[in-house]
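Have a look at the model below and turn it around a few times. We'll walk through it piece by piece.

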Amino acid sequence: MTATATEPRTRRFEARLDPESDDRIARAAALCGQSRSAFIVQAAREAADRQLARADVTLMPAAQFEAMMETLDEVEPLPELAALLARPRAYHRA
């Protein structure tokens, strides 16, 4: 869900900054033509989106992925399951 300009802003966030960080943020916000608050919110949202996107993705080398996919196609004999399936059913559909 993305915030819109018409959505009421009811939550507040505070952060304590060292003078150098405060100056850098103020200069960067001015270069973008934004207030410090708008700049910080946008930067935080972008960082949050990147982090959340990473949580949904598993990265691995191509060779490892291929090996994993090959093992999914391997059939492992399950004699216990075969024996259970060979037994007569206790219940039958009417």
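In this predicted model, the largest pocket has a volume of about 950 Å³. Its lining is made up of 22 residues, and those closest to the pocket centre are Arg11, Phe13, Ser37, Ile40 and Val41. If you want to know which elements to click on, go for α1 (19-32) and α2 (36-55): these are the ones that give two or more residues to the lining. The largest share comes from α2, with eight residues. Sorted by class, the pocket lining has ten nonpolar residues, eight charged ones and four polar ones.

Now for how those helices sit against each other. Two packed helices are described by the angle between their axes and by the distance between those axes. Here α1 and α2 pack at about 95 degrees, and their axes are 9 Å apart. Angles of 65 to 115 degrees count as roughly perpendicular, so α1 is roughly perpendicular to α2.

Which residues in α1 meet α2? On the α1 side, look for Asp22, Ile25, Ala26, Ala28, Ala29 and Cys32; on the α2 side, the partners are Arg36, Phe39 and Ile40. By class, this contact has seven nonpolar residues and two charged ones, with no polar residues.

Two residues from that contact are worth a stop, one on each helix. Let's start with Ala29, which is found in helix α1. Is Ala29 buried or exposed? Its relative accessible area is 1%, and buried means under 20%, so Ala29 counts as buried. Leave aside the neighbours within four places in sequence, and Ala29 is in contact with Gln34, Ser35, Arg36 and Phe39. Take Phe39 from that list: Ala29 and Phe39 are ten residues apart along the chain, and their C-alpha atoms are separated by 5.5 Å.

Over on the other helix, Ile40 has its place in α2. You've met Ile40 twice already: it is among the residues closest to the centre of the largest pocket, and it is also one of the α2 residues that meet α1. How does its accessibility come out? At 35% relative accessibility, Ile40 falls between the 20% limit for buried and the 50% limit for exposed, so Ile40 counts as partly exposed. To place Ile40 against α1, use Ala28, twelve residues away along the chain: the C-alpha atoms of Ile40 and Ala28 are separated by 9.9 Å.

Notes:
Residues are numbered from 1 along each chain as its sequence is written. This is a predicted model: local features need pLDDT of at least 70, side-chain atom pairs count only at pLDDT 80 or more; totals for chains, interfaces and linings use all residues. Side-chain values use heavy atoms; hydrogens and water are left out. On a 1 Å grid over the protein atoms alone, a cavity is a set of points where a 1.4 Å probe fits but cannot get out, and a pocket is an open set with protein on both sides within 12 Å along at least five of seven lines; lining residues have an atom within 4 Å of a point. Grid points are joined across faces, edges and corners, and a volume is the space filled by probe spheres set on the points. Helices (H or I, at least four residues) and strands (E, at least two) are DSSP runs, numbered from the N terminus. Ala, Val, Leu, Ile, Met, Phe, Trp, Tyr, Cys and Pro count as nonpolar, Asp, Glu, Lys and Arg as charged, and the others, Gly among them, as polar. Axes are lines fitted to C-alpha atoms, for helices over the stretch in contact, and angles run from 0 to 180 degrees between N-to-C directions. Angles under 35 degrees count as roughly parallel, over 145 as roughly antiparallel, 65 to 115 as roughly perpendicular and the rest as oblique. Contact means heavy atoms within 4.5 Å. Buried means under 20% relative accessible area, exposed over 50%, partly exposed in between (1.4 Å probe, protein chains only).
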